[in-house]
Amino acid sequence: MPVNRRYCKPTSGPSHDRANSGIDWARTRPLSRVKEALHVVRTLLDEGAISYDGEFFTYQGLFTFARPVQERVPLKLGAMRRPKSFEAAGELSDGCHHALSYTREAYDYAVRHIQAGAERAGKDWRSLDIGAWVVFATGPDSAAAKDAARSMVGIYASSMPEEQLRRNGVDPGELKAVIDAIAAGDLARGIELTTPEIAERLSIAGTPEECRDKIQREIAPSGVNHMICALTDRTLVKAFTGRDLAEVADVNTQLRLIHDTVMPAFN
């Protein structure tokens, strides 16, 4: 699996749940909006200026004196649900970052449609940055790492479409009570209802060897070339849930374990 040194990198906290944004997503044509936004940003980065009157965005004489140091700044699209979003990423952008999937089925689905979009544009899909954004916790204490991940799984899973849950081997009904509790603000109840089995399916957690093996088994064979590890440590869990898990490895320890034990398997 060809990767570079950025293969595993950390990221922080969960993204804002779409259901709480106050936007009627069913009527906003989100994919069309994203495609138009990609065109706007690509033009501004490449040319330094844009005048544009589109369906969603309008700019007259927008410009910047800032110029990229590198020849071309890559732009990538995120996708989670339907084939057209993955295909748009492959066709129109420099890659796709796919969040919250953990099974070979889910990544084969994503990469298949990214490839279709890339080939439509005459591009080699293998040249794209295909990233897997995952809930991640590691450390010498496997049980502690898995408990940390379990604390966050329900919060993240509330943003997963039903189709994506099924591609990850989860019946949406299994999570309904969890998501309802979290939506009501009862995080403690949401965590209590998140079984270890669901947490195992919707995270990468455990010892570095366990995490490495799951990436090798479920993610790498599909063609993903970039792991984006949402590190889950004691501080993050306490900030979001109030749980204080003293045995969970801190961020620096997890980064070192990723560097020393996980990354060498993909170099």
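# Questions on a predicted model

The protein chain has eleven helices and eight strands. The model is a predicted one.

Reader: What makes the radius of gyration of the protein chain agree with that of a compact globule?

Author: For 267 residues, a compact globule would have a radius of gyration near 18 Å, and the protein chain has 19 Å, so the two agree. The C-alpha trace spans about 55 × 45 × 35 Å along its principal axes. Of the 267 residues, 46% count as buried.

Reader: Why is Cys96 called buried?

Author: Buried means under 20% relative accessible area. Cys96 has 1%, so Cys96 is buried. The rule applies to Cys229 as well: its relative accessibility is 0%, and therefore Cys229 counts as buried.

Reader: How many disulfides are there, and how do you know that Cys96 is in no disulfide?

Author: The count comes to zero disulfides. A disulfide needs two cysteine sulfur atoms within 2.5 Å. For Cys96 the nearest cysteine sulfur is that of Cys229, 17 Å away, so Cys96 is in no disulfide.

Reader: Why is Asp141 called partly exposed?

Author: Partly exposed covers what lies between buried, under 20%, and exposed, over 50%. Asp141 has a relative accessible area of 34%, so Asp141 is partly exposed.

Reader: Where is Asp141 found, and what makes its side chain a partner in a polar contact?

Author: Asp141 sits in the loop that runs between strand E6 (129-138) and helix H4 (142-157). A polar atom of the Asp141 side chain lies 3.2 Å from the backbone nitrogen of Ala143. A polar contact is a pair of N or O atoms within 3.5 Å, so the distance of 3.2 Å meets that cut-off. Asp141 can also be set beside Val248: they are 107 residues apart in sequence, and 7.5 Å apart in space, C-alpha to C-alpha.

Reader: How many cavities of 30 Å³ or more are there, and which residues line the largest cavity?

Author: The count comes to one cavity of 30 Å³ or more. The volume of the largest cavity is about 30 Å³. Its lining is made up of Leu100, Tyr102, Val135, Val153, Tyr156, Ala157, Met160 and Leu202. Helix H4 gives the most to this lining, with three residues.

Reader: What makes the residues of that lining nonpolar by class?

Author: Ala, Val, Leu, Met and Tyr are among the types that count as nonpolar. The lining is built from these types, so by class it has eight nonpolar, no polar and no charged residues.

Notes: Residues numbered from 1 in each chain as written. Predicted model: local features only at pLDDT ≥ 70, side-chain atom pairs only at ≥ 80, totals over all residues. Heavy atoms only, no water. Buried < 20%, exposed > 50% of the residue type's maximum accessible area, 1.4 Å probe, protein only. Helix = DSSP H or I, 4+ residues; strand = E, 2+ residues; numbered from the N terminus. Polar contact = N/O pair within 3.5 Å; in protein donor to acceptor, adjacent residues only side chain to side chain. 1 Å grid on protein atoms, 1.4 Å probe; cavity = no way out; pocket = protein on both sides within 12 Å on 5 of 7 lines; lining within 4 Å. Points joined across faces, edges and corners; volume = space filled by probe spheres on them. Rg over C-alpha atoms; globule rule 2.2 N^0.38 Å.
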